[in-house]
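Hi,

Here is the structure I said I would pass on. Have a look at it first, and then read my notes underneath.

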Amino acid sequence: MKYDTIIFDFDYTLADATEGIVSSFNHAFNRLEIPGCDCESIRKTVGLSLDEAFVQLTGNKDKALINSFKNLFREKADEVMSKNTVLFEDTVSTLQRLKCDGINTGIVTTKFHYRIIETLNTHGILDLVDVIVGGEDVKLPKPSPEGLLLAIDSLNAQSNGVLYVGDSVIDAKTALAASVDFAAVITGTTKENEFLKYPCVRILKNLSELFNQ
């Protein structure tokens with residue numbers, strides 16, 4: 001493999017947290033007396049910040065309402081998210097193989113850092129990831145390159161040896177902004193043809209295909 005550092009998005013790249021995400025959204029909407037949303041509409045916002053997701057789903061840009069929504073979302077997410085997050089079938093084996101091969105690994109996500117730690121600990125794989133950058137670690141969410149560049153710097157990596165793997169156009173834009181290679185994985189809601197507008201070194205059906213030459 002030409003890369004010595006591989007950094008991943010989290011939701012729909014390494015894991016499926018749909019149940020917890022949908023539950024948390026609709027808990028917050030219910031408390032705010034906003035009509036709930038169907039699962040697929042909510043899934044399509046995964047990867048956006050909570051602010052952006054709220055606006056996309058409701059059309060409402062009121063800052064006070066958005067802040068109330070985020071507080072209620074997090075309240076429910078603290079209760080349900082980690083225990084309802086399912087790793088993809090090849091996530092653990094992929095991270096184990098990268099670790100055995102001496103490749104640095106990281107996660108850069110809009111999800112909170114502490115929630116990623118909680119989830120990885122739940123599955124006993126925290127030791128397989130060298131650096132985590134979550135939504136509270138940056139001033140600007142993806143597609144700003146801030147989080148990805150922070151992870152790269154933390155690993156003392158060189159950009160030309162880094163691959164960012166993600167499931168969304170937001171991830172593709174993040175890699176482009178950080179000037180690192182990008183591999184798309186089609187385990188989320190983004191279709192293969194949507195990635196063709198962006199520089200992609202690979203489009204993968206699953207994480208295991210990282211090792212295919």
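Below is what I found when I went through it, starting in the middle and working outwards.

One thing to keep in mind is that this is a predicted model.

**The core**

The largest nonpolar core has 25 residues, and the members touching the most others are I6, F8, L120 and V165. Two or more residues each come from β1 (5–8), α5 (91–100), α6 (113–122), β6 (162–166) and β7 (181–185). There is also a second, separate core of 21 residues, with F25, L50, F54 and M81 among them.

If you want one residue to start from, try I6. What does I6 touch, once its neighbours within four places in sequence are left aside? The list is M1, L98, I103, N104, T105, G106, L163 and V165.

**The strands**

Let's stay with β1 for a moment. In a regular strand, side chains alternate between the two faces of the sheet. Here T5 and I7 point one way from β1, while I6 and F8 point the other way. Are these four residues buried or exposed? All of them are buried.

β1 has partners you can trace on screen:

- With strand β4 (residues 104–108), β1 pairs in the parallel sense over 4 bridges. T5 stands opposite N104 there.
- With β6, β1 also runs parallel, and 4 bridges join them. I6 has L163 as its bridge partner in β6, and T5 has V162.

From β6 you can step across to β7, since those two pair in the parallel sense over 4 bridges. G166 is a handy place to see it, as its bridge partner in β7 is A184.

Why do I call β6 largely enclosed by the rest of the structure? Because 5 of the 5 residues of β6 are buried, where buried means under 20% relative accessible area. Both of its faces are covered, with V162, Y164 and G166 on one side and L163 and V165 on the other. Note that V165 is also one of the residues touching the most other members of the largest core, and that I6 is in contact with both L163 and V165.

**The pocket**

Next, the largest pocket, which has a volume of about 540 Å³. It is lined by 33 residues, and those closest to its centre are L48, S49, L50, T110 and K111. You have met L50 already, in the second core. The elements giving two or more residues to the lining are α1 (18–31), α3 (50–58), α4 (63–80) and α7 (146–154).

What is the lining made of, in terms of nonpolar, polar and charged residues? It divides into 14 nonpolar, 9 polar and 10 charged.

**Between α1 and α2**

The loop between α1 and α2 (39–43) holds P35, and E33 is found in that loop too. E33 has a positive phi of about 60°, although it is not a glycine. Both residues count as exposed, because the cut-off is over 50% relative accessible area and E33 comes out at 74%, with P35 at 65%. P35 and T58 are 23 residues apart in sequence, but their C-alpha atoms are 8.8 Å apart in space.

A little further along, E40 sits in helix α2. Its relative accessibility is 35%, so E40 counts as partly exposed. E40 and T18 are 22 residues apart in sequence and 9.4 Å apart in space, again C-alpha to C-alpha.

**Backbone oddities around α7**

Two more spots are worth a look when you turn the model round. On one side of α7, P143 is found in the loop between β5 (131–133) and α7. The peptide bond from K142 to P143 is cis, with omega near 15°.

On the other side, N156 lies in the loop between α7 and β6. Like E33, which has a positive phi, N156 has a positive phi in a residue other than glycine, this time near 55°. N156 is exposed, with a relative accessible area of 68%.

That's the tour. Shout if anything is unclear.

Cheers

Methods:
Residues numbered from 1 in each chain as written. Predicted model: local features only at pLDDT ≥ 70, side-chain atom pairs only at ≥ 80, totals over all residues. Heavy atoms only, no water. Core = buried A, V, L, I, M, F, W, Y, C linked by side-chain atoms within 4.5 Å. Buried < 20%, exposed > 50% of the residue type's maximum accessible area, 1.4 Å probe, protein only. Contact = heavy atoms within 4.5 Å. Pairing = 2+ DSSP bridges. 1 Å grid on protein atoms, 1.4 Å probe; cavity = no way out; pocket = protein on both sides within 12 Å on 5 of 7 lines; lining within 4 Å. Points joined across faces, edges and corners; volume = space filled by probe spheres on them. Nonpolar A, V, L, I, M, F, W, Y, C, P; charged D, E, K, R; others polar.
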